[in-house]
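Trainee: Could we go through this one together? I would like to understand the reasoning behind the labels as well as the labels themselves.

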Amino acid sequence: MDPLQELLAADHRRVFEFFVVGLQDVSEPTVDRQELLYNASVLAHYAQVSTQTSVEWPAPENLSVVFDHFVTDTALQHDSEMMEVAGTQCLLLAGFFEDQMRRRHNIRWYSDLGSGFFSQAASYERSSSKAQLLDALARHFEAWRQRHARLSRALRNQPYILPRPN
C-alpha cells in the first residue's frame, strides 16, 4: 500500500484509538476509564456512519432530528437501546458539534435531555454492569459533553501534516 493510501485507510480500531487518545488529551487523569472508552466508541461510531445509512442508526444531521425522533415518539422511551442511541446522539451533537449547533439550539437543554436519555436507558437495561455505565454517563453527561467540545476545538486547531513522499 502506498503511503497516501495507508494514511487515508482507517479501520474501526484505528478510528477508535484516535478518539481514545484525543479524549485522554482533553480529560483529567482521574476520568473513569470505562466512560472514556465508551465515549471514544461513540465518536468512532459516528465518524464512520453516514447520515443516510439504512443499515444501522444514521448519524443525526442536527438536534432537531433527535428531538423529532426521540422526544415526540413516546413509544421509544421504554426501550433501553433506543434511549441509549438518543443519548449518544445528544452527546455527539451538543458536545462534539456544539459550536455548530449552538446557533440554532439551546445546548444546556439538550445536555439535560441527553442525560435523561441515558438515565432512562439505564433504568430499562437488563445487564447490571451496562446499566451502571449508562447511569454514570447520565450523571456525568455535561462533563463528557464539554470534553467532546474541547476535543472538537482541539482537532480543528491542529494543522494537517502529511508525511513527505520518499
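Mentor: Gladly. A helix here is a DSSP run of H or I with at least four residues, numbered from the N terminus. Thr 88 sits in helix H5. Keep in mind that this is a predicted model.

Trainee: What makes Thr 88 count as buried?

Mentor: Its relative accessible area is 7%. Buried means under 20%, so Thr 88 with its 7% is called buried.

Trainee: And how do you know that the side chain of Thr 88 makes a polar contact with the side chain of Tyr 46?

Mentor: The distance is 3.0 Å, and the cut-off for a pair of N or O atoms is 3.5 Å. The two side chains therefore qualify as a polar contact, at 3.0 Å against a limit of 3.5 Å.

Trainee: Which residues is Thr 88 in contact with, leaving aside its neighbours within four places in sequence?

Mentor: Tyr 38, Val 42, Tyr 46 and Phe 118. Phe 118 also appears in the largest nonpolar core, where Phe 19, Leu 23 and Phe 118 touch the most other members. That core has 40 residues. Helices H2, H3, H4, H5, H7, H8 and H9 each supply at least two of them, and H5 gives the largest share, with 10 residues.

Trainee: Let us turn to the rings. Why is the pair of Phe 19 and Phe 96 called edge-to-face?

Mentor: A pair of aromatic rings is described by the distance of the centres and the angle of the planes. For Phe 19 and Phe 96, the centres are 6.3 Å apart and the planes are at 80°. Pairing asks for centres within 6.5 Å, and edge-to-face for planes over 60 degrees apart. Both values pass, so the pair is edge-to-face. Phe 19 belongs to helix H2 and Phe 96 to helix H5, 77 residues apart, and the pair links these distant parts of the chain.

Trainee: Are Phe 19 and Phe 96 buried or exposed?

Mentor: Phe 19 has a relative accessible area of 8% and Phe 96 has 14%. With the cut-off under 20%, Phe 19 is therefore buried, and so is Phe 96.

Trainee: What about Trp 109 and Tyr 110: what makes that aromatic pair edge-to-face?

Mentor: The rings lie 4.9 Å centre to centre, with 85° between the planes. Since edge-to-face needs over 60 degrees, 85° fits. In accessibility, Trp 109 is at 40%. Partly exposed lies between 20% and 50%, so Trp 109 is partly exposed. Tyr 110 has 6%, so Tyr 110 is buried.

Trainee: How many aromatic pairs does the structure hold?

Mentor: It holds 6. Ring pairs also link Phe 18, Phe 19, Phe 96 and Phe 97 into a cluster.

Trainee: And how confident is the predictor in the protein?

Mentor: The mean pLDDT is 85, and 80% of the residues reach 70 or more. Confidence is lowest in helix H1, at a mean of 57, and highest in H8, at 98. Over residues 162-166, pLDDT stays under 50, and the model has 2 contacts beyond four places in sequence for them.

Trainee: Finally, what is the pattern along the sequence?

Mentor: The pattern reads α-α-α-α-α-α-α-α-α, and the protein has 9 helices and 0 strands. Of its 166 residues, 40% count as buried.

Methods:
Residues numbered from 1 in each chain as written. Heavy atoms only, no water. Core = buried A, V, L, I, M, F, W, Y, C linked by side-chain atoms within 4.5 Å. Buried < 20%, exposed > 50% of the residue type's maximum accessible area, 1.4 Å probe, protein only. Helix = DSSP H or I, 4+ residues; strand = E, 2+ residues; numbered from the N terminus. pLDDT = per-residue confidence, 0-100. Contact = heavy atoms within 4.5 Å. Polar contact = N/O pair within 3.5 Å; in protein donor to acceptor, adjacent residues only side chain to side chain. Phe/Tyr/Trp six-rings, centres within 6.5 Å; stacked < 30°, edge-to-face > 60°.
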